[in-house]
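Please look over the structure shown here, with attention to how its strands are arranged. The report below is meant to be read alongside it.

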Amino acid sequence: MTSKHPSESLTILTDLVLPSETNPLNNLFGGELLARMDRAASIAASRHSRRISVTVSVNHVAFNKAIPLGSVVIIEAKVSRAFKTSMEIYLDVWIEDRKSGERTKSNEAIYTFVAVDENGRPVEVPQIIPETKLEEHRYDDALRRKQLSLVLAGKLNPHDATELKALFV
């Protein structure tokens, strides 16, 4: 199986925040943003694996800046690391000023997807070869995040979490 670059999975969703998608403060509902991010991550995972890809977990979401009614929202998703059958998808959310075109980062998230066959069984996915410093950083951090998740789920002995131990030794 040929390895791929994160850029091959890049998915950019651009949309407006409409009145029916806002809370009483006229900001985008968090759940609406989560759904949009899930769709972008799903496309990125499928582009990478060329398979049906299903959400396994939402590992991290940071709602750092409210997204007001009428805003142009841009969600960028790409695979940050691939394991045997799973893929970590890193998402950056931007608000674009409609007049200047200037973008401000508002949110970020990390989702995990698994590629499956027609019967819903996990299948192997291509590995990732990061190209930029940011991609290398996210790639390296993905293994620590995976080990932490496995330790917390009781699926990995903390003594075997070599990447996590390296942070403290």
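What follows describes the sheet, its strand pairings and the helix beside it.

The coordinates come from a predicted model, in which an open sheet of five strands follows the order β1-β3-β4-β5-β2 with antiparallel pairing. Because β1 (11-16) and β2 (52-63) each have a single partner strand, they stand at the edges, and one side of each is left without a neighbour in the sheet. From one strand to the next, the twist averages 25 degrees. Helix α1, spanning residues 30-49, packs on this sheet and touches β1, β2, β3, β4 and β5 (103-116), while its direction makes about 45 degrees with that of β3.

Three of the antiparallel pairings are set out in the table, together with an example of facing residues from each.

| Strand pair | Bridges | Example of partners |
|---|---|---|
| β3 (residues 72-82) and β4 (residues 86-96) | 10 bridges | Glu76 and Asp92 |
| β4 and β5 | 11 bridges | Ile95 and Thr104 |
| β2 and β5 | 10 bridges | Ser57 and Thr112 |

Strand β5 thus appears in two of these rows, pairing with β4 and with β2. Of the 14 residues of β5, 11 are buried, so this strand is largely enclosed by the rest of the structure. The connection between β4 and β5 is a hairpin with six residues between the two strands, and Gly101 in the turn has a positive phi of about 80 degrees. In a regular strand, side chains alternate between the two faces of the sheet.

Notes: Residues are numbered from 1 along each chain as its sequence is written. This is a predicted model: local features need pLDDT of at least 70, side-chain atom pairs count only at pLDDT 80 or more; totals for chains, interfaces and linings use all residues. Side-chain values use heavy atoms; hydrogens and water are left out. Two strands pair if DSSP finds at least two bridges between them. Helices (H or I, at least four residues) and strands (E, at least two) are DSSP runs, numbered from the N terminus. Axes are lines fitted to C-alpha atoms, for helices over the stretch in contact, and angles run from 0 to 180 degrees between N-to-C directions. Contact means heavy atoms within 4.5 Å. Buried means under 20% relative accessible area, exposed over 50%, partly exposed in between (1.4 Å probe, protein chains only).
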